[in-house]
Amino acid sequence: MQLIDTHSHLYDEAFDADRSAALVRALDAGVGQLLLPAIDSESHEALFALCREAPKQTHPMMGLHPTSINENPRWREELALVEHYLDNPPTGIRFCAVGEIGLDFYWSQDYVAEQTEAFIAQLRMAARRDLPVAIHTRAAWEAMEEMIGAEYAAAKARGERLRGVFHAYSEDAETYRRLKALTEGDFLFGIGGVVTYKKSAVARAVPEMALTDLVLETDCPYLTPVPHRGTRNESAYVRHTAEKVAELKGLTLEEVAAQTTRNAEMLFALKND
């Protein structure tokens, strides 16, 4: 049985003391591959170093996180760096997606225009290069739906493909159905540790979501699943999310692992590595 953690920050400083051991624990839990989203230039070197250390197990993305735009007068330089790296990857690096990008209005409403500009620019970077996107959304779902709908249609009109994953999906079944219809099934939904929490909207939605629309993730070191909630998350724990999805859908763990792994391999072209 093989699982894929489609959203892991294992290069984060939270793992400086035991990063190699965490990779081994992931393998022992059946998590054979980790997808690593970028945040901004402050962590690029750590991201690249991990991918060089474990090239068969890790797959980097490149993008500018929405909260890295807030209070950052150099955010357009960061955005230009994203495009530079997409066209000129560092030695030994192949980017599997543009991410993590998106909208986050939770911390502040003062940077909506800047986040919107950066988000749309990166969606277009991805579509031009036929790369999927990993989308972060927090306190911004209405704006997200509007922008994705417009950009998806525009890309299609240009003869390009806009596709990807809604990372850390935690909304209800109705939002899932709207987003799926809006993107004609070209976007998947990243299910993480939140699905194991009590009173979780996504736990109620998962039984209505097609397994072919789901990928699994941790977002480690954040959003730790039960039974480890309250401690640092790590990629090995994606197995707990898989077990919960299996329980909610009345399937075996093996069925969930096989289909979600297949979904991730197809979206991120992992079979080509």
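**View A. Strand S7 (187-191) and helix H9 (253-268) each put at least two residues into the lining of the second largest pocket.** This is a predicted model, so local features need pLDDT of at least 70 and side-chain atom pairs count only at pLDDT 80 or more, while totals for chains, interfaces and linings use all residues. Numbering starts from 1 along each chain as its sequence is written, and side-chain values use heavy atoms, with hydrogens and water left out. Helices (H or I, at least four residues) and strands (E, at least two) are DSSP runs, numbered from the N terminus. The pocket holds about 240 Å³ of space. H9 is the top contributor to this lining, with three residues. Around the pocket you'll find Arg161, Leu162, Arg163, Gly185, Asp186, Phe187, Leu188, Thr212, Asn263, Met266, Leu267 and Ala269. Sorted by class, that's six nonpolar, three polar and three charged residues (Ala, Val, Leu, Ile, Met, Phe, Trp, Tyr, Cys and Pro count as nonpolar, Asp, Glu, Lys and Arg as charged, and the others, Gly among them, as polar). A pocket here is an open set of points on a 1 Å grid over the protein atoms alone, with protein on both sides within 12 Å along at least five of seven lines; a cavity is a set where a 1.4 Å probe fits but cannot get out, and lining residues have an atom within 4 Å of a point. Points are joined across faces, edges and corners, and a volume is the space filled by probe spheres set on them.

**View B. The largest pocket has about 810 Å³ of space.** Its lining takes in 27 residues, and His65, Glu100, His136, Asp219 and Tyr222 are the closest to its centre. Strand S4 (98-104) and strand S5 (133-138) are the elements giving two or more residues to this lining, and S5 gives the most, with three. The class split is ten nonpolar, eight polar and nine charged. Look at Glu100 while you're here: this residue sits in strand S4, and a cis peptide bond links Gly99 to Glu100, with omega about 5°.

**View C. Searching the whole structure turns up one cavity of 30 Å³ or more.** The largest cavity has about 40 Å³ of space. Its walls come from Ala168, Tyr169, Ser170, Gly192, Gly193, Val194, Val195, Glu217 and Leu223. Five of these lining residues are nonpolar, three are polar and one is charged.

**View D. Five strands make an open sheet in the order S4-S5-S6-S7-S8, with parallel pairing.** S4 and strand S8 (214-216) are its edges, each pairing on one side only (strands pair if DSSP finds at least two bridges between them). On average, neighbouring strands are turned by 30° against each other, direction ignored. Zoom in on strand S6 (residues 164-166) and S7, and you get parallel pairing over three bridges; Gly164 has Phe187 of S7 as its bridge partner. Helix H5 (residues 141-157) lies across S4, S5, S6 and S7, at about 150° to S5 (axes are lines fitted to C-alpha atoms, for helices over the stretch in contact, and angles run from 0 to 180 degrees between N-to-C directions).

**View E. A second open sheet has three strands, ordered S1-S2-S3 and paired in parallel.** Strand S1 (3-5) and strand S3 (58-60) are the edges, each pairing on one side only. From one strand to the next, the twist averages 20°. Strand S2 (residues 31-36) joins S3 over three parallel bridges, and Leu34 has Thr58 of S3 as its bridge partner. Two helices cross this sheet: helix H2 (residues 44-53) lies over S2 and S3 at about 145° to S3, and helix H8 (residues 238-249) lies over S1 and S2 at about 115° to S1.

**View F. Helix H3 (residues 75-87) meets helix H4 (residues 112-128), their axes coming within 11 Å and crossing at roughly 10°.** That makes H3 roughly parallel to H4 (the label covers angles under 35 degrees; over 145 is roughly antiparallel, 65 to 115 roughly perpendicular and the rest oblique). H3 brings Trp75, Arg76, Leu79, Val82, Glu83 and Leu86 to the contact, and H4 brings Glu114, Glu117, Ala118, Ala121, Gln122, Met125 and Arg128 (contact means heavy atoms within 4.5 Å). The mix is seven nonpolar, one polar and five charged residues.

**View G. Val226 and Pro227 are joined by a cis peptide bond, with omega about 15°.** Pro227 is in the loop between S8 and H8. Another backbone oddity to check is Glu71, in the loop between S3 and H3: this residue isn't a glycine, yet phi is positive, at about 55°.
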